[in-house]
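Colleague: I should like to go through this model with you, one region at a time. Please state the basis of each answer as you proceed.

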Amino acid sequence: MKSLKLCPLKSYNLLSSSFSTSPLSSSSHSCKLLVVGGGAAGCSMAAKFTSKLGKGQVSIVEPTDDHYYQPMFTLIGGGMKKLSDSRRPMKSVLPSGATWVKDKIVSFDPENNRVRTQAGSEISYEYMIVASGIQMYYDRVKGLQEALDQPDSGVSTNYSPQYVEKTLRNLQHFQSGPVLYTFPATPIKCGGAPMKAVLIGDEYLRKHKKRDAAKLTYCTGMGVLFPSPFYAEKIHDILIGRGVDVHKGKALVEIDLANKEAVFKSEDKTERLPYAIMHVTPPMGPVPELATSRLVDQSGYVNVDKATLQHVKYSNVFAIGDCSNLPTSKTAAAVAGQCKVVYDNLSAVMKNRALPHEYNGYTSCPLVTGYSKCVMAEFDYTLKPLETFPVDQSKERSLMFQMKKQVMPFLYWNLMLRGYWNGPGVFRQMFHLGGLVKQQNRQ
């Protein structure tokens with residue numbers, strides 16, 4: 001077997017970290033808890049359990065050097081934040097006392113409680129949390145990768161740190177013509193982000209007196225604009241009010257760079273639309289190594305109980321975040337809502353006790369509608385609003401915009417990744433104390 005790169009991590013305080021990056025080599029590695037993935041979900045859970053289990057008991061497998069706060073990407077695409085604002089070194093966000101395995105898992109063997117890495121080594125575990133997220137599949141849209149890589153193609157996406165700055169450049173260079181925005185016919189992370197791109201783009205063009213020269217079109221491969229019908233209706237009204245042409249059930253399948261046309265497929269036909277600039281949300285799905293394992297359902301996502309987040313077959317395995325088959329939107333807010341459930345329930349499994357906690361499907365999407373306002377959508381498995389503040393959050397509000405732009409990044413870096421943030425449930429109870437302000441049972 002090849003050697004495995006292990007990076008033991010020194011302790012940090014709340015706002016800064018100091019780490020040793022001197023690797024240790026071993027042909028195999030065992031740990032009490034294995035955390036797969038160093039994204040929002042993986043860092044949060046690793047931090048919680050490192051504090052609980054102690055030094056050297058938790059291992060995190062993550063191959064990349066940088067950690068990105070991805071919810072900021074739509075603001076970067078609109079010029080409201082810089083890419084550097086969203087990036088931290090991976091070693092600065094991983095928890096004290098854990099072991100960073102800077103490698104990639106290529107196969108899972110849950111029957112024998114072990115995984116194999118790209119370097120050819122094995123890691124054995126007693127318990128595992130899968131937090132591998134989902135990945136973008138550019139190759140599922142013909143010509144998309146080439147269009148993104150070509151500087152003057154007019155095609156961008158806010159979903160990648162490699163291309164997000166191109167979104168702003170395209171708006172800056174735009175003169176006139178059709179402006180297209182797309183949503184694929186697959187689940188994606190942050191289902192509201194494509195609409196945010198539309199509305200931010202619309203306001204940018206208005207501010208720079210280019211809107212009259214632009215025809216904005218939004219095409220989604222899904223049959224609905226947004227999972228929650230209540231918020232979908234509000235967002236539809238905002239889009240139509242801004243003069244955006246909205247199409248449902250129309251998925252992008254090809255980009256014809258030579259003719260600057262986008263090819264869409266609907267249920268019964270194929271259609272070509274011209275574009276001057278275009279923002280594409282690529283098809284997404286589970287990482288292939290996970291999709292071929294025994295851990296997943298037919299769709300390729302980790303098969304867990306939607307209430308307990310425990311694997312339906314392997315009781316020592318839990319999943320959290322985008323890689324799971326939970327029937328809720330894939331957002332950082334959903335991860336926060338799932339953190340306490342996984343922590344409490346896995347802790348109970350470790351003590352051979354009944355699982356005490358259930359996840360209600362809570363998720364949130366701050367739907368930024370421009371440069372100063374935001375609709376703060378919050379809902380659960382029922383898809384009905386589950387709002388934190390004692391106001392109608394379906395309305396565009398500047399306060400919610402500041403929450404998105406200023407408060408949420410602080411919570412993410414300084415609380416969530418350190419294992420201290422489980423979502424706004426406590427604040428929701430405070431704001432709705434004693435039923436003085438009731439949640440509206442809106443459809």
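Colleague: Which side chains along strand β9 (residues 114-117) are buried?

Modeller: This is a predicted model, in which local features need pLDDT of at least 70 and side-chain atom pairs count only at pLDDT 80 or more, while totals for chains, interfaces and linings use all residues. Residues are numbered from 1 along each chain as its sequence is written, and side-chain values use heavy atoms, with hydrogens and water left out. Buried means under 20% relative accessible area, exposed over 50% and partly exposed in between, with a 1.4 Å probe and protein chains only; strands (E, at least two residues) and helices (H or I, at least four) are DSSP runs numbered from the N terminus. In β9 the side chains alternate, with Arg114 and Arg116 pointing to one face and not buried, while those pointing to the other face and buried are Val115 and Thr117.

Colleague: Why would side chains alternate in this way?

Modeller: The pattern follows from strand geometry, because in a regular strand the side chains alternate between the two faces of the sheet.

Colleague: What is the bridge partner of arginine 116 in β10?

Modeller: Two strands pair if DSSP finds at least two bridges between them. β9 pairs with β8 (residues 105-109) in the antiparallel sense over four bridges, and there arginine 116 is the partner of serine 107. β9 also pairs with β10 (residues 122-130), again antiparallel, over three bridges. In β10, the bridge partner of arginine 116 is glutamate 122.

Colleague: Which residue takes a positive phi in the hairpin of β9 and β10?

Modeller: The hairpin of β8 and β9 has four residues between the strands, and asparagine 113 there has a positive phi near 55°. The hairpin of β9 and β10 has four residues between the strands, and the one with a positive phi, near 95°, is glycine 120.

Colleague: Which strands are the edges of the five-strand sheet?

Modeller: This open sheet runs in the order β12-β19-β13-β14-β15 with parallel pairing. Within the sheet, β13 and β14 (residues 214-220) pair over seven bridges, and valine 179 stands opposite leucine 216 in β14. The strands that pair on one side only are β12 (155-156) and β15 (245-247).

Colleague: How many charged residues are in the lining of the largest cavity?

Modeller: On a 1 Å grid over the protein atoms alone, a cavity is a set of points where a 1.4 Å probe fits but cannot get out, and lining residues have an atom within 4 Å of a point. Grid points are joined across faces, edges and corners, and the volume is the space filled by probe spheres set on the points; the largest cavity holds about 60 Å³. Its lining includes Thr167, Val179 and His279. With Ala, Val, Leu, Ile, Met, Phe, Trp, Tyr, Cys and Pro counted as nonpolar, Asp, Glu, Lys and Arg as charged, and the others, Gly among them, as polar, the lining has six nonpolar residues, five polar and, as for charged, none.

Colleague: Which backbone oxygen does the side chain of asparagine 345 reach?

Modeller: Asparagine 345 lies in helix α9 (residues 332-350). This residue is buried, with a relative accessible area of 0%. At 3.1 Å, its side chain reaches the backbone oxygen of threonine 308.

Definitions and conventions
On a 1 Å grid over the protein atoms alone, a cavity is a set of points where a 1.4 Å probe fits but cannot get out, and a pocket is an open set with protein on both sides within 12 Å along at least five of seven lines; lining residues have an atom within 4 Å of a point. A polar contact is a pair of N or O atoms within 3.5 Å; within protein, one must be able to donate a hydrogen and the other to accept it, and residues adjacent in sequence count only if both atoms are side-chain atoms.
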